[in-house]
Amino acid sequence: EAVLGGQVPLAGERREVTILFQDLRNFTTMSELMDPAKLLRVLNLFFTEVVAAIEAEGGIVKQFTGDGVMALFGAPVTYPDAPARAVRAALGLVGRLDGLNARLSVDKVPPLRVGVGINTGEVVAGRIGPDTRVEYGVVGDPVNVASRIEGLTKELQATILVSKITADRLGPDFLLGRTAVLPVKGKQQPVEV
């Protein structure tokens with residue numbers, strides 16, 4: 001609505017956003033063992049919960065990545081508390097899984113588990129793509145780092161990981177767990193999560 005209403009300069013603008021990447025654990029094994037029609041039904045039920053958790057905090061799902069999503073908080077609509085919104089959305093998603101897993105257990109679907117990576121940083125937001133197929137998006141290193149942090153959730157056996165940048169912007173309402181400084185693919189400097 002903000003883009004179509006002309007409230008967002010599509011030529012591109014620098015802004016701080018918080019990016020959330022979510023991945024469904026063991027999806028390859030599920031795909032191998034489950035009938036494709038049933039798998040699609042499970043994915044759609046799962047994504048219904050994911051989208052609801054993200055939109056409840058004012059985020060937008062930028063894209064579905066097979067068995068996960070990329071979501072933005074702070075673009076195209078700016079929120080001063082975008083990092084907190086992203087973390088609340090991640091917590092909300094994890095909370096919604098219990099009810100979904102209970103419903104899916106009737107059909108003998110193994111419990112769904114997720115990994116969520118969140119990062120905050122300055123990106124360029126605006127029009128991406130040729131004139132015949134334009135979409136709104138964000139580009140910049142913080143997007144790649146968010147994706148890499150989501151990947152670290154497997155290594156650390158964590159459900160939600162946030163970057164130090166995101167953690168520093170959360171405030172006292174959040175109780176953070178242990179920290180780690182880890183190398184990430186494609187980055188010269190390690191990332192603190």
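## Asparagine 101 in helix H3

In this predicted model, asparagine 101 has a relative accessible area of 14%, and because that value falls under 20%, the residue counts as buried. Asparagine 101 belongs to helix H3, and once its neighbours within four places in sequence are left aside, its contacts are Pro111 and Leu112.

## The nonpolar cores

Leu112, one of the two contacts of asparagine 101, is also named among the residues of the largest nonpolar core that touch the most other members, together with Leu20, Phe46, Phe73 and Ile118. This core holds 35 residues, and the elements that contribute two or more of them are strand E1 (13–24), helix H1 (27–33), helix H2 (36–55), strand E3 (68–73), helix H3 (82–105) and strand E4 (114–128). The greatest contribution comes from H3, which supplies ten residues.

Phenylalanine 73 has contacts, beyond its neighbours within four places in sequence, with Val17, Thr18, Leu20, Ile54, Glu57, Gly58, Gly59, Ala82, Arg85, Ala86 and Ala89. Apart from the largest core there is another one, made of twelve residues that include Val17, Met70, Val123 and Val143.

## Arginine 25 and helix H4

Arginine 25 is placed in the loop between E1 and H1, and with a relative accessible area of 10% it is buried, since the limit for that class is under 20%. When residues up to four places away in sequence are not counted, arginine 25 touches Arg113, Val114, Gly115, Glu150, Thr153, Lys154 and Ala158. Of these contacts, Glu150 and Thr153 are also listed among the buried residues of H4.

Helix H4 covers residues 141–156, 16 residues in total, and spans 22 Å from its first C-alpha to its last, which is close to the 22 Å expected at 1.5 Å a residue. Its buried residues are Pro142, Val143, Val145, Ala146, Ile149, Glu150, Leu152, Thr153 and Leu156. Glutamate 155, also in helix H4, counts as exposed because its relative accessibility is 54% and the class begins over 50%. Between glutamate 155 and phenylalanine 46 there are 23 Å in space, C-alpha to C-alpha, for a separation of 109 residues in sequence.

## Backbone features in the loops

Glutamine 157 comes just after H4 and lies in the loop between H4 and E6, where its phi is near 50°, a positive value in a residue other than glycine. With a relative accessible area of 73%, glutamine 157 is exposed. Lysine 108, in the loop between H3 and E4, likewise is not a glycine and has a positive phi of about 60°; its relative accessible area of 75% makes lysine 108 exposed.

In the loop between E3 and H3, where proline 76 is found, the peptide bond that joins alanine 75 and proline 76 is cis, with omega at about 0°.

## The largest pocket

The largest pocket has a volume of about 480 Å³. Among the 20 residues that line it, those closest to its centre are Ile160, Val162, Leu176, Gly177 and Arg178. At least two lining residues come from each of H3, strand E6 (160–162) and helix H5 (164–168). Sorted by class, the lining consists of 13 nonpolar, three polar and four charged residues. Helix H3 therefore appears both here, as a supplier of at least two lining residues, and in the largest nonpolar core, to which it gives ten residues.

Note on methods. Residues are numbered from 1 along each chain as its sequence is written. This is a predicted model: local features need pLDDT of at least 70, side-chain atom pairs count only at pLDDT 80 or more; totals for chains, interfaces and linings use all residues. Side-chain values use heavy atoms; hydrogens and water are left out. A nonpolar core is a set of buried Ala, Val, Leu, Ile, Met, Phe, Trp, Tyr and Cys residues joined through side-chain atoms within 4.5 Å. Buried means under 20% relative accessible area, exposed over 50%, partly exposed in between (1.4 Å probe, protein chains only). Helices (H or I, at least four residues) and strands (E, at least two) are DSSP runs, numbered from the N terminus. Contact means heavy atoms within 4.5 Å. On a 1 Å grid over the protein atoms alone, a cavity is a set of points where a 1.4 Å probe fits but cannot get out, and a pocket is an open set with protein on both sides within 12 Å along at least five of seven lines; lining residues have an atom within 4 Å of a point. Grid points are joined across faces, edges and corners, and a volume is the space filled by probe spheres set on the points. Ala, Val, Leu, Ile, Met, Phe, Trp, Tyr, Cys and Pro count as nonpolar, Asp, Glu, Lys and Arg as charged, and the others, Gly among them, as polar. The expected span of a helix is 1.5 Å times one less than its number of residues.
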